[in-house]
Structure formats: structure tokens, C-alpha cells
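Good morning, colleagues. Please look at the model on the screen while I go through a few of its features.

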Amino acid sequence: MLTIALPIPKANDPNARRHWGDKRRLVKSEREGAWAAARQALGHGPSPKWTEGKVLVVWTAKNKRGIIDPDNCVSRCKPLIDGLVDAGVFVTDKHVTVEIVPPEVGPTPGVVLHCKPKEPA
């Protein structure tokens, strides 16, 4: 299992009304941040390149206002999943299942991604 902690993603917020250029820059930044965190977590070893897998998303908000519904959580985490693919954790995100732990209020706001390959049947 690979665990990565990241700041709360803001780029793909479906309720935000951003200029496309601003959104593009945010998506790129979040994707690169996820790539860097994944590469750091992997160390100098080879990338696992799992063909199928699961990502468990643990969302922690600073206060009740920061708690979002699971659908928004999935869309906001899309650049992070893409960064994992860029880092070689997964071959593609087509066969990656995203599970959301109900968001909670906690002392350190952020997103923790727990990645693991699909278990053989």
C-alpha cells in the first residue's frame, strides 16, 4: 500500500466559477504536487505500475464548512489520481476504483490517498 498526504484540492470544484485558464493552472499544479508526493513516497525504487487498483480518499476539513459531499470529493480528486498515473503508481486510471471515507473535521486539513493494487480473485 502507498499512502500520500496532500493539501485539499481546489481546481475541480464543481461549484466554483473560474476562468478556464485559472482552472488549468490549478489542475496542473495539483497534478504535479500529487506526482511529486508519489515519487517521494516510492523513493528510488521502480514504479509499481498497477494495472488495476483502489484509492481510498480520506478528506479532513478544518471546520464544518469545509466538509463536502462524496460526489464533489471524487471530482476534486481527479487531478490527484492523474498525478498518481503520471508517477507510475497506476498504468491508467480507467481501472482505478475511488472510495471516499465520509469527510470529517480534524486538526490538519488535507487529503490522504491510500493506494493499493486490486487483490487477485
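The salt bridges in this predicted model number nine in total. I shall discuss three of them individually, and then a network.

The pair formed by arginine 76 and aspartate 13 has its closest N and O atoms 3.9 Å apart. This salt bridge connects distant parts of the chain, since arginine 76 belongs to helix H2 and aspartate 13 to the loop between E1 and H1, with the two positions 63 residues apart in numbering. The partners also differ in exposure class: arginine 76 is buried, at a relative accessible area of 9%, whereas aspartate 13 is partly exposed, at 22%.

A second salt bridge lies within helix H3. There the side chains of lysine 78 and aspartate 82 meet at 2.7 Å, N to O. Why can these two side chains meet? Lysine 78 and aspartate 82 are four residues apart in helix H3, so about one helical turn separates them. In general, an α-helix has 3.6 residues a turn, so residues three or four places apart point the same way. Lysine 78 is partly exposed, with a relative accessible area of 36%. Aspartate 82, by contrast, has a relative accessible area of 15% and is buried, because the cut-off for that class is under 20%.

The third pair is lysine 116 with glutamate 119, whose closest N and O atoms are 3.7 Å apart. Lysine 116 counts as partly exposed at 26% relative accessibility, and glutamate 119 counts as exposed at 55%. As for the network, Arg31, Lys78, Asp82, Asp86 and Asp93 are joined into one by salt bridges that share partners.

I turn now to the surroundings of helix H3, which spans residues 78–86. Which residues of H3 are buried? They are Pro79, Leu80, Ile81, Asp82, Gly83 and Leu84. The cover over these buried residues includes helix H1 (20–42) and helix H2 (70–76). Strands contribute as well, the cover also including E1 (2–6), E2 (53–61), E3 (96–105) and E4 (110–117).

The packing of H1 on H3 deserves a closer description. The axes of H1 and H3 come within 7 Å and cross at roughly 45°. At that angle, H1 is oblique to H3. The crossing of the two helices, H1 and H3, is right-handed. On the H1 side, the contact is made by Val27, Glu30, Arg31, Ala34, Trp35 and Ala38. On the H3 side, the contact is made by Pro79, Leu80, Asp82, Gly83, Leu84 and Asp86. Sorted by class, the contact of H1 with H3 comprises seven nonpolar residues, one polar residue and four charged residues. Arg31, Asp82 and Asp86 belong to this contact, and these three are also members of the salt-bridge network.

Finally, two remarks on the backbone. Just after H3, glycine 88 adopts a positive phi of about 90°. Lysine 49 has a positive phi of about 50°, although it is not a glycine. As a general matter, most residues other than glycine have a negative phi. Where is lysine 49 placed? Lysine 49 sits in the loop between H1 and E2, and with a relative accessible area of 53% it is exposed.

Technical notes. Residues numbered from 1 in each chain as written. Predicted model: local features only at pLDDT ≥ 70, side-chain atom pairs only at ≥ 80, totals over all residues. Heavy atoms only, no water. Buried < 20%, exposed > 50% of the residue type's maximum accessible area, 1.4 Å probe, protein only. Contact = heavy atoms within 4.5 Å. Salt bridge = Lys/Arg side-chain N within 4 Å of Asp/Glu carboxyl O. Axes fitted to C-alpha atoms, helices over the stretch in contact; angles between N-to-C directions. Parallel < 35°, antiparallel > 145°, perpendicular 65-115°, else oblique. Left-handed = near helix turned anticlockwise from the far one by under 90°. Nonpolar A, V, L, I, M, F, W, Y, C, P; charged D, E, K, R; others polar.
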